[in-house]
There are 2 protein chains.
Amino acid sequence: MLTIGKLSRLTGVKVPTIRYYEQIGLLSCPERSEGGQRIYEMAVGQRLSFIRHARELGFSLDDIRELLTLSDEPDQSCAAVDEIAKRQLVEIEKRITRLTALKTEMRRMLDQCACQTVSTCRVIEVLGDHTLCTDDH
Amino acid sequence: MLTIGKLSRLTGVKVPTIRYYEQIGLLSCPERSEGGQRIYEMAVGQRLSFIRHARELGFSLDDIRELLTLSDEPDQSCAAVDEIAKRQLVEIEKRITRLTALKTEMRRMLDQCACQTVSTCRVIEVLGDHTLCTDDH
DNA sequence: CTTGCACCTCTAGTGACTAGAGCAATTATA
DNA sequence: TATAATTGCTCTAGTCACTAGAGGTGCAAG
């Protein structure tokens, strides 16, 4: 049996975040002590660690809600799980592509700047005129 | 002289976003027609395009506010401008590094999944147990 | 018994918009 | 000129995933 603080230390999820997850229905309401404090069973730690890890991998809370529902039905096909994970992978790849283009553009902008006065600043100039860009972004 | 709709089409910034920029002081209040509609001078288009382009490159509105202030003082050194841009570049690089680690982890997870039932699903398993990860994230 | 930390609820704030309601003004068509 | 369609106006509230803070209560150690 765990207080919310111990659960927090165990999982690395902050206390207000745990309460927030309860509020949005991602965690079910735990029992309370006589004084009204939350008392968690050990198993909640697993669930919360799952959530945390999935968040770290960039899954949205909605995705996680779905994954948790699916993981509660062990006999079902895991195709739906893979589907969510694949979608997430595609999203990550898209973001990488985009960020790489941005990086190129930023570096080019900075490399070209002779760094004198603002009136001749290449950074300001490029920001004001998209046609000076080579990459799509 | 432009209505807000024409300014929007000219710059690719949505109408409510233009009003929002005015609200937070990124654009100054334009004159109004007799009926109370906003009338913009052509020059505002430049400023708005600047903002849009900087947003596309991932600058925050606070950064942009600073860049706009700096660009209004053409005789000053552009070191401060470069500083902001460099900070932004570092941020982008950090995000790419992180996302690349995530991608590796996601792909590994998906590759290992034999895709049968949820009970044997590698995706669910890895999400529940961080120690199964190789990459930092 | 008291000190001090951990916990409680509730509200509001973050960033950068977006959506919608309920109107008014302007422009195009008949 | 009348009407219809489009565009504009303000204001409020919602998005996501929390985070911060106020003002109070519970609980365990010394």
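A residue is near a strand if one of its heavy atoms lies within 4 Å of it. The exercises below concern a predicted model.

**Exercise 1. Find which residues come closest to DNA strand C, and which part of the strand faces the protein.**

Step 1. Count the surroundings: 18 residues surround DNA strand C. The closest are T3(A), G5(A), R19(A), R38(A) and Y21(B).

Step 2. Turn to the strand itself. Of the atoms of DNA strand C that come within 4 Å of the protein, 90% belong to sugar and phosphate.

Step 3. Look for polar contacts, which are pairs of N or O atoms within 3.5 Å. The backbone of G5(A) has a polar atom 2.8 Å from a phosphate oxygen of DNA strand C. In Y21(B), an N or O atom of the side chain lies 2.7 Å from a phosphate oxygen of this strand. The side chain of R55(B) also places an N or O atom 3.0 Å from a phosphate oxygen of DNA strand C.

Step 4. Assign the surface to elements. Two or more residues of the surface near DNA strand C come from α1 (4-11) of chain A, and two or more from α2 (15-23) of chain B. The largest share, three residues, is that of α2(B).

Step 5. Sort the surface residues by class: four are nonpolar, nine polar and five charged.

**Exercise 2. Work out what surrounds DNA strand D and which elements supply the surface near it.**

Step 1. DNA strand D is surrounded by 18 residues, and the closest of them are Y21(A), R55(A), G5(B), R19(B) and R38(B).

Step 2. Among the atoms of DNA strand D within 4 Å of the protein, sugar or phosphate accounts for 90%, and bases make up the rest.

Step 3. List the backbone contacts with phosphate oxygens of DNA strand D. A backbone N or O atom of G5(B) is 2.4 Å from one. For a polar backbone atom of R38(B), the distance to a phosphate oxygen is 2.8 Å. A polar backbone atom of L61(A) lies 3.4 Å from a phosphate oxygen.

Step 4. Name the elements. Both α2 (15-23) of chain A and α1 (4-11) of chain B supply at least two residues of the surface near DNA strand D. The most comes from α2(A), with three residues.

Step 5. By class, this surface holds four nonpolar, nine polar and five charged residues.

**Exercise 3. Determine how chain B is related to chain A.**

Step 1. Superpose the chains. Chain B falls on chain A after a rotation of 180° with 0.0 Å of shift along the axis, with an RMSD of 0.1 Å.

Step 2. Interpret the rotation: the two copies are therefore related as by a two-fold rotation axis.

Step 3. Locate the axis. The residue of chain B that comes closest to the rotation axis is I96(B), whose C-alpha is 3.0 Å away.

Step 4. Compare the interfaces. The copies meet through the same surface, because 98% of the interface residues of chain B are also interface residues in chain A.

**Exercise 4. Describe the annotated span, residues 1-70 of chain A.**

Step 1. Read the record. In an unreviewed entry, UniProt lists residues 1-70 of chain A as "domain: HTH merR-type".

Step 2. Describe the span in the model. Residues 1-70 of chain A are 59% helix and 6% strand, and the end C-alpha atoms lie 26 Å apart.

**Exercise 5. Is I51(B) buried or exposed, and which residues does I51(B) touch?**

Step 1. Place the residue: I51(B) belongs to helix α3 (residues 43-56) of chain B.

Step 2. Apply the cut-off for buried, under 20% relative accessible area. The relative accessibility of I51(B) is 0%, so I51(B) is buried.

Step 3. List the neighbours. Leaving out residues up to four places away in sequence, I51(B) touches Y21(B), L26(B), L27(B), I64(B) and L68(B).

**Exercise 6. Where is C115 in each chain, and what is its phi?**

Step 1. C115(A) sits in the loop between α5 (79-112) and α6 (122-128) of chain A. C115(B) sits in the loop between α5 (79-112) and α6 (122-128) of chain B.

Step 2. C115(A) is not a glycine, yet its phi is positive, near 60°. C115(B), also not a glycine, has a positive phi of about 60°.

Step 3. Check accessibility. C115(A) is partly exposed at 37% relative accessible area, and C115(B) is partly exposed at 38%.

Terms used
Residues are numbered from 1 along each chain as its sequence is written. Chains are lettered from A and ligands numbered from 1 in the order in which they are written. This is a predicted model: local features need pLDDT of at least 70, side-chain atom pairs count only at pLDDT 80 or more; totals for chains, interfaces and linings use all residues. Side-chain values use heavy atoms; hydrogens and water are left out. A polar contact is a pair of N or O atoms within 3.5 Å; within protein, one must be able to donate a hydrogen and the other to accept it, and residues adjacent in sequence count only if both atoms are side-chain atoms. Helices (H or I, at least four residues) and strands (E, at least two) are DSSP runs, numbered from the N terminus. Ala, Val, Leu, Ile, Met, Phe, Trp, Tyr, Cys and Pro count as nonpolar, Asp, Glu, Lys and Arg as charged, and the others, Gly among them, as polar. Copies are superposed by least squares on the C-alpha atoms of residues with pLDDT of at least 70 in both. Contact means heavy atoms within 4.5 Å. UniProt positions are given in the numbering used here, feature names are shortened, and annotations may be inferred rather than shown by experiment. Buried means under 20% relative accessible area, exposed over 50%, partly exposed in between (1.4 Å probe, protein chains only).
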